[in-house]
Amino acid sequence: MEHGIADIQYCERLFDCFYDIGSTENGGVTRLGYTKQEDQMHEMFAKIGEELHCQVEVDEVGNTYVMNQPDREYCLIGSHLDSVIEGGRYDGVAGIIAGLMILKWAREDGLKLPIRVGAFRCEESSNFGCCTIGSGLITREIYKQDIGGLASKEGELLEQIFRKRNLNLHPARISGVRQYVELHIEQGKVLEESGTSVGIVQTIAGPRRFKLYLRGMAEHSGATPMGMRNDAMCAASEIILELERIGNKEAAYQSVATVGVVNNYPNALNVIPGEVELGVDIRGIENASLDRMEKTLRERAKQICEKRGIEYLEEKLSDIPPIDMSAQVQNGLEQAARRLGISSRRMVSGAGHDAMSFAAICDTGMVFIPCMKGISHNRKEFASILHICDGARVMYEYLKGGEV
Ligand SMILES: [Zn+2]
């Protein structure tokens with residue numbers, strides 16, 4: 001759809017307001033959750049809210065809300081303002097910009113719908129190894145117990161940080177949310193390659209994460225004959241390729257499997273690898289497929305290690321179930337896109353989002369917009385202003401339909 005010049009300029013202006021915060025020499029941004037840079041992002045968000053003559057509120061865990069009218073029940077449009085280390089400027093921010101644009105349109109149109117735009121703290125797991133902390137705490141959907149004991153990159157405990165900031169690790173559950181919608185960059189290539197303007201998320205894939213410990217024998221690489229070795233890295237290599245096969249086999253169910261971490265000890269040229277740690281991430285939208293992958297991985301890894309005389313240990317780090325978006329919201333967003341003449345398709349989200357926290361407490365939906373070559377968590381991340389406008393328009397059109 002065609003967007004008015006005023007909308008495009010306003011969207012650009014919002015993007016520019018956040019641009020410099022946390023900029024790094026390489027051209028990316030580092031705005032880790034519960035750090036000064038994330039604070040600055042929230043301060044800027046509050047300032048823009050005030051310019052829009054909206055009320056601004058900060059909750060017990062530091063999430064910031066901009067609202068057009070304080071009301072008992074409201075539609076919540078959310079996303080996050082933190083980033084990964086050396087990340088891009090669109091992940092999270094695009095969703096906040098969309099929310100602000102919707103607030104502006106609602107005011108211009110004299111819409112009576114109560115809307116809040118929420119910026120949730122620490123969505124990325126980069127600082128504490130735990131994602132969606134801000135939205136997880138207020139919905140009580142946090143997936144890890146005792147997160148107060150998690151340490152930041154700087155080595156400070158989350159509970160210390162909360163105490164210093166006068167925040168509450170056990171806040172009251174958020175109330176009055178009639179429904180939750182979020183715009184986010186896709187972080188994949190499906191929309192770009194299919195030439196589609198918006199994606200309507202059906203399910204957010206649930207990650208299961210494991211650490212595998214393989215213990216062999218570190219010996220002299222020159223003095224130990226080939227037939228007398230217990231090489232932990234060779235076992236790891238077999239397991240990595242086996243996991244790829246498992247992933248390929250389950251690809252029909254949109255499942256994926258990755259070994260993203262390899263730690264080799266002692267990691268020396270003249271020593272046979274004695275110990276290897278593998279970090280495994282499997283994701284999918286169907287529990288049965290995830291169960292099969294987990295079971296096969298365990299069986300095969302044990303067989304491989306037994307064959308090679310390697311000790312095998314395994315630790316499950318997380319197990320988040322796939323989370324479905326509301327069918328009603330999906331239908332509503334799809335109809336809204338059709339009314340506006342904006343192309344859309346239904347799709348799954350491989351990455352986690354704040355929307356996961358809200359799905360359990362209210363009707364929840366997500367709109368994806370294309371990002372260049374699917375690049376994300378990278379300084380080269382790029383999404384066009386026109387696509388942000390498209391996604392925001394679809395959400396606004398949908399929300400307008402729910403005006404009471
Ligand atoms: Zn994000």
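A residue is called buried when its relative accessible area is under 20%, exposed when that area is over 50%, and partly exposed in between, computed with a 1.4 Å probe on protein chains only. The model on display is predicted, so local features need pLDDT of at least 70 and side-chain atom pairs count only at pLDDT 80 or more, whereas totals for chains, interfaces and linings use all residues. Residues are numbered from 1 along each chain as its sequence is written, and side-chain values use heavy atoms, with hydrogens and water left out.

**Stop 1: H3**

Select H3, in the segment before α1 (5-19). Helices (H or I, at least four residues) and strands (E, at least two) are DSSP runs, numbered from the N terminus. Is H3 buried or exposed? With a relative accessible area of 13%, H3 is buried. Now display what surrounds this residue. Leaving aside neighbours within four places in sequence, H3 is in contact (heavy atoms within 4.5 Å) with I8, L386, C389, D390 and R393. The side chains of H3 and D390 also make a polar contact, at 2.6 Å. A polar contact is a pair of N or O atoms within 3.5 Å; within protein, one must be able to donate a hydrogen and the other to accept it, and residues adjacent in sequence count only if both atoms are side-chain atoms.

**Stop 2: helix α11**

Next, select α11 (385-400). The 16 residues of α11 reach 22 Å from the first C-alpha to the last, close to the 22 Å expected at 1.5 Å a residue. The expected span of a helix is 1.5 Å times one less than its number of residues. In α11, 13 of the 16 residues are buried, so this helix is largely enclosed by the rest of the structure.

**Stop 3: helix α9**

Move to α9, residues 327-340. Its 14 residues should span 20 Å, and the end C-alpha atoms are indeed 20 Å apart. Which residues of α9 are buried? They are V329, Q330, G332, L333, A336 and A337. Seen down the axis of α9, the buried residues fall within an arc of 165 degrees, so they line one face of the helix. The arc is that of the directions from the helix axis to the C-beta atoms. These buried residues pack against β5 (177-185), β6 (198-204), β12 (344-349), β13 (363-369) and α11. Turn to the other side of α9 to find Q328, R338 and R339, which are exposed.

Inspect both ends of the helix as well. At the N-terminal end, S326 acts as a cap, with a side-chain oxygen 3.2 Å from the backbone nitrogen of Q328. After α9 comes G341, with a positive phi near 70 degrees.

**Stop 4: the two domains**

Colour the chain by domain: domain 1 covers 5-205 + 324-401, and domain 2 covers 207-319. These bounds come from an automatic or database domain assignment. Taken over C-alpha atoms, the centres of domain 1 and domain 2 are 35 Å apart. Six residues of domain 1 are in contact with five residues of domain 2. About 480 Å² is buried between the two domains, and carbon and sulfur atoms give 61% of this area. Buried area is the accessible area (1.4 Å probe) that two parts lose on being put together, summed over both.

**Stop 5: helix α8 and its surroundings**

Select α8, residues 287-308. The expected span for its 22 residues is 32 Å, which agrees with the 32 Å between its end C-alpha atoms. S289, L290, M293, E294, L297, A301, I304 and C305 are the buried residues of α8. Down the axis of α8, these residues fall within an arc of 130 degrees, so they line one face. What covers them includes β7 (206-215), α7 (232-249), β8, β9 (275-284) and β10 (311-319). The face turned away carries the exposed residues K295, E306 and K307.

From here, go to V256 in strand β8 (residues 256-265). V256 is partly exposed, at 44% relative accessibility. Not counting residues up to four places away in sequence, V256 touches D281, I282, R283 and M293.

**Stop 6: backbone details**

In the loop between β8 and β9, select P266. A cis peptide bond joins Y265 and P266, with omega about 0 degrees. Finally, select H53, in the loop between α2 and β1 (55-58). H53 has a positive phi, near 60 degrees, and is a residue other than glycine. At 69% relative accessibility, H53 is exposed.
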